[in-house]
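Let's take a walk through this structure together, with the coordinates open beside you. We will look at a helix pair and then at the cysteines.

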Amino acid sequence: MIPRDQSVFILSSFSKEFNTTKKIREILTSWGIRLLPTNLKTGVFAEIGQNDGPILGLRADIDALPIDEAANVTFRSKNPGVMHACGHDTHIVSLLGGAYLLKQQEQVLPGRVRLIFQLAEEADEGALQVIHDGKIKDLAAIIGFHNTPNQPVGQIGFRAGITSGAIDKFKVTLTGIGTHASAPQNGQDPIVALGAEIGALQTVISRQIDPLQGGVLSITHVAAGNTWNIIPETAFFEGTVRTTDKKIRQTIKTHFFDIVNNTAKAYGTTATITWYTGDPSVDNDKELTQIMIDESSQFTTTYDLQPRLGSDDFSCYQTYIPGVYANIGNGGTVSNHNSRFTAADETVIYGTKFFERNAIRLLKELSTN
């Protein structure tokens with residue numbers, strides 16, 4: 001069930017949410033919520049509801065990031081080099097809160113809700129692993145949210161259609177001929193080729209893409225050589241491409257390969273390119289989005305969510321089933337993936353309501369269609 005060539009993203013397991021998985025399972029079990037079997041080592045799946053109506057997925061990602069926490073909060077991470085720098089802990093608690101409230105209404109739900117506490121959103125394409133494990137094959141729809149800094153606590157942003165960037169990753173190794181630094185004529189310098197590659201690749205966005213359309217090509221890691229008097233045999237760089245349009249996505253890839261290969265040849269080196277086709281853009285279902293705006297506006301303020309080029313593997317679910325991914329303001333002023341990231345406790349109040357209220361409303365709507 002894995003789309004396109006995204007299987008390359010299921011890497012050696014980076015997922016380490018073992019204690020988190022254990023805790024979630026313990027809480028759900030104590031509330032009498034039935035757990036679903038899984039072949040995955042981490043992540044939790046459960047269901048609430050007794051009826052044969054539609055099944056709605058509620059998704060929260062549960063992984064952390066390899067960052068030393070610097071935020072001065074009482075719940076500061078006890079594990080060195082690991083913190084919830086993207087606020088996934090608020091997602092966990094919100095879905096737990098929603099699950100608790102929905103359990104109290106289980107007998108009257110017009111269908112079932114499937115709780116998806118998803119592993120590995122940040123690194124190992126957890127959504128694809130969930131899909132491969134068969135956990136969405138009978139869902140009518142799926143919803144989720146991400147907490148958002150620089151937005152007032154509780155305000156919920158919605159947008160029908162594309163709200164995030166598709167993500168691609170690339171790695172390039174340039175191979176020349178190593179030699180003594182005093183005699184470059186005896187070799188083929190991959191470092192010079194690397195510098196030319198970096199400059200040339202900046203023209204892909206500035207000269208090949210309509211400036212009124214979005215796209216980013218960022219080179220984020222460069223490595224070559226290991227001492228001062230040797231020209232190395234190889235040089236390396238890697239980075240990412242973010243787009244919101246399928247044609248632009250392919251255009252960038254085509255020009256990337258042309259520039260890298262031809263520039264390498266011009267400098268007497270060869271290029272080896274590894275290209276990873278990653279998550280598509282989050283693409284919210286129009287009808288479901290409008291229903292959720294109507295429901296959410298009854299307990300908080302909603303706003304028009306503007307598209308961004310950051311990615312989220314929630315989009316992989318939308319490849320198969322309609323879904324809506326919203327943003328909930330967390331009142332913080334520091335961006336995601338920052339060691340001082342914080343989210344106000346009150347965020348989980350609105351996250352809990354988001355899951356409970358929208359789940360009930362959507363099940364009613366889906367059961368009548």
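What follows covers how two helices pack and then why two cysteines stay unpaired. Please keep in mind that this is a predicted model.

Start with helix α4, which spans residues 190–208, and helix α5, which spans residues 246–266. Two packed helices are described by the angle between their axes and the distance between the axes. Here the angle is about 150 degrees and the axes lie 9 Å apart. An angle over 145 degrees counts as roughly antiparallel, so that is how α4 and α5 run relative to each other. As for handedness, the crossing of α4 past α5 is right-handed.

Now zoom in on the side of each helix that meets its partner. From α4, the contact draws on Ala193, Ala196, Glu197, Ala200, Leu201, Thr203, Val204, Ile205 and Gln208. From α5 come Thr251, Ile252, His255, Phe256, Ile259, Val260, Thr263 and Ala264. Sorted by character, the residues of this contact comprise 11 nonpolar, five polar and one charged.

Next, turn to the cysteines. How many disulfides does a search of the whole structure find? The count is zero. A disulfide is a covalent bond between the sulfur atoms of two cysteines. Cys86 takes part in none, and the nearest cysteine sulfur to it belongs to Cys316, 16 Å away. Seen from Cys316, the closest cysteine sulfur is that of Cys86, and 16 Å is too far for a bond, because a disulfide needs the two sulfur atoms within 2.5 Å.

Are these two residues buried or exposed? Cys86 is buried, with a relative accessible area of 7%, and Cys316 is also buried, at 0%.

Note on methods: Residues numbered from 1 in each chain as written. Predicted model: local features only at pLDDT ≥ 70, side-chain atom pairs only at ≥ 80, totals over all residues. Heavy atoms only, no water. Buried < 20%, exposed > 50% of the residue type's maximum accessible area, 1.4 Å probe, protein only. Axes fitted to C-alpha atoms, helices over the stretch in contact; angles between N-to-C directions. Helix = DSSP H or I, 4+ residues; strand = E, 2+ residues; numbered from the N terminus. Parallel < 35°, antiparallel > 145°, perpendicular 65-115°, else oblique. Left-handed = near helix turned anticlockwise from the far one by under 90°. Contact = heavy atoms within 4.5 Å. Nonpolar A, V, L, I, M, F, W, Y, C, P; charged D, E, K, R; others polar.
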